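Please open the model in your viewer and keep the selection panel at hand. The stops below go from one selection to the next.

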Amino acid sequence: MKVSYFPGCTLKNKARDLDLYARRCAEVLGVTLEEIENWQCCGGVFTSKDEPVSKLSSVRALKWAKENEQPLVSVCSACHNVLKQTNYLMQTDDGFCTKVNRYMAEPTAYDGSTQVYHYLEMLRDLVGFDKIREAIVNPLKGKKIAAYYGCLLLRPSNIMQMDDAENPTIFEELIKAMGAEPVAYSMRNECCGGYVTMENPEFAKRKSLEITKNAQAQGADLIVTACPLCKYNLEKNTDSIPVVYFTELLAEALGVKEETESA
């Protein structure tokens with residue numbers, strides 16, 4: 001199976017592990033991540049739909065996937081959110097769609113028809129948790145893992161449609177497929193304060209500590225996330241519990257973590 005892959009800026013520097021483990025795990029599971037040619041920043045620093053130019057890089061990625069007749073997969077929570085919301089605008093907002101296609105000035109217009117998946121959705125919907133369970137060679141038995149969703153994977157729920165925004169299960173199902181025990185805790189889909197870390201570090205620290213303490217209170221040994229900013233913020237504000245990318249745990253369970261680190 002081949003899919004178009006959008007790594008995003010952070011996965012090429014501060015979050016290289018998230019990218020490397022994602023690629024290696026995909027190979028083991030029979031998925032080829034074909035990195036989009038000449039991709040650029042998704043435009044995540046710009047949030048207004050009134051600035052269509054800021055969304056052109058996302059539309060180019062979506063269009064590239066369509067032309068290659070592949071779904072588009074990303075693993076960074078922020079990039080996925082931008083790609084999914086941009087695609088939704090191309091589907092539902094005629095004015096926005098017209099402006100974007102005029103800016104792009106390409107022979108064929110883009111209409112929002114690419115299927116957009118987060119890596120977690122790819123594992124669930126395209127690979128299947130049963131297949132992952134069969135591929136596990138190093139079950140993570142005895143580990144109690146708290147999944148941290150954060151804001152961007154689930155909201156806005158009418159657009160993201162990955163899972164129930166209030167009671168998601170996709171992360172927990174993956175944890176169980178890897179042989180570990182998922183830990184239920186109330187703060188798993190609350191904001192960590194990452195986007196105000198520079199402006200209001202005390203607020204971000206308080207939000208992060210609420211999350212990590214809540215997970216620990218329910219018996220978690222570690223926290224897993226898909227968001228580089230969330231990982232940074234949670235680690236910065238606590239040293240009492242490890243915070244790792246879910247792809248690293250998957251690589252460990254699939255038995256390819258060490259060879260990925262040495263590559």
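In which strand is E181 found? Select E181 in this predicted model, and you will be in strand β6, which covers residues 181-182. With a relative accessibility of 43%, E181 is partly exposed, because that class lies between the 20% limit for buried and the 50% limit for exposed residues. Next, add K144 to the selection: the two residues are 37 places apart along the chain, yet 4.8 Å separates the C-alpha atom of E181 from that of K144. If neighbours within four places in sequence are set aside, the contacts of E181 are K143, K144, I145 and I175.

From here, widen the view to the sheet. Four strands make up an open sheet with parallel pairing, and their order is β6-β5-β7-β8. At its edges are β6 and β8 (243-245), each of which pairs on one side only. Select β5, residues 144-147, to see it pair in the parallel sense with β6 over 2 bridges; I145 has P182 of β6 as its bridge partner. Turning to β7, you will find that β5 and β7 also run parallel and are joined by 3 bridges, and that V224 in β7 is the residue opposite A147.

Which helices pack on this sheet, and which strands do they touch? Among them is α11, residues 246-254, which touches β5, β7 and β8 and whose direction makes about 70° with that of β8. Also select α10, residues 228-236, which packs on the sheet by touching β7 (222-225) and β8, with its direction at about 165° to that of β8. Within α10, the buried residues include P228, C230, K231, N233 and L234, and the elements covering the buried residues of this helix include α1 (16-28), α9 (201-217), β7 and β8.

Stay with α10 and display the pockets. The largest pocket has a volume of about 450 Å³. It is lined by 23 residues, of which T10, C76, A78, Y195 and L229 are the closest to its centre. Two or more lining residues come from each of α3 (77-92) and α10. Which classes of residue make up the lining of the largest pocket? By class, there are 18 nonpolar and 5 polar residues, and no charged ones.

The last stops concern the backbone. Most residues other than glycine have a negative phi, and most peptide bonds are trans. Select R155 and P156 together, since the peptide bond from R155 to P156 is cis, with omega near -5°; P156 itself is in the loop between β5 and α7 (157-160). Then move to Q161, in the loop between α7 and α8 (170-177), where phi is positive at about 50° although the residue is not a glycine. Q161 counts as exposed because its relative accessibility, 58%, is over 50%.

Finally, select N38, which lies in the loop between β2 (32-35) and α2 (56-67). Is N38 buried or exposed? N38 is exposed, because its relative accessible area of 74% is over 50%. Its phi is near 55°, which is a positive value in a residue other than glycine.

Note on methods
Residues are numbered from 1 along each chain as its sequence is written. This is a predicted model: local features need pLDDT of at least 70, side-chain atom pairs count only at pLDDT 80 or more; totals for chains, interfaces and linings use all residues. Side-chain values use heavy atoms; hydrogens and water are left out. Buried means under 20% relative accessible area, exposed over 50%, partly exposed in between (1.4 Å probe, protein chains only). Contact means heavy atoms within 4.5 Å. Two strands pair if DSSP finds at least two bridges between them. Axes are lines fitted to C-alpha atoms, for helices over the stretch in contact, and angles run from 0 to 180 degrees between N-to-C directions. On a 1 Å grid over the protein atoms alone, a cavity is a set of points where a 1.4 Å probe fits but cannot get out, and a pocket is an open set with protein on both sides within 12 Å along at least five of seven lines; lining residues have an atom within 4 Å of a point. Grid points are joined across faces, edges and corners, and a volume is the space filled by probe spheres set on the points. Ala, Val, Leu, Ile, Met, Phe, Trp, Tyr, Cys and Pro count as nonpolar, Asp, Glu, Lys and Arg as charged, and the others, Gly among them, as polar.
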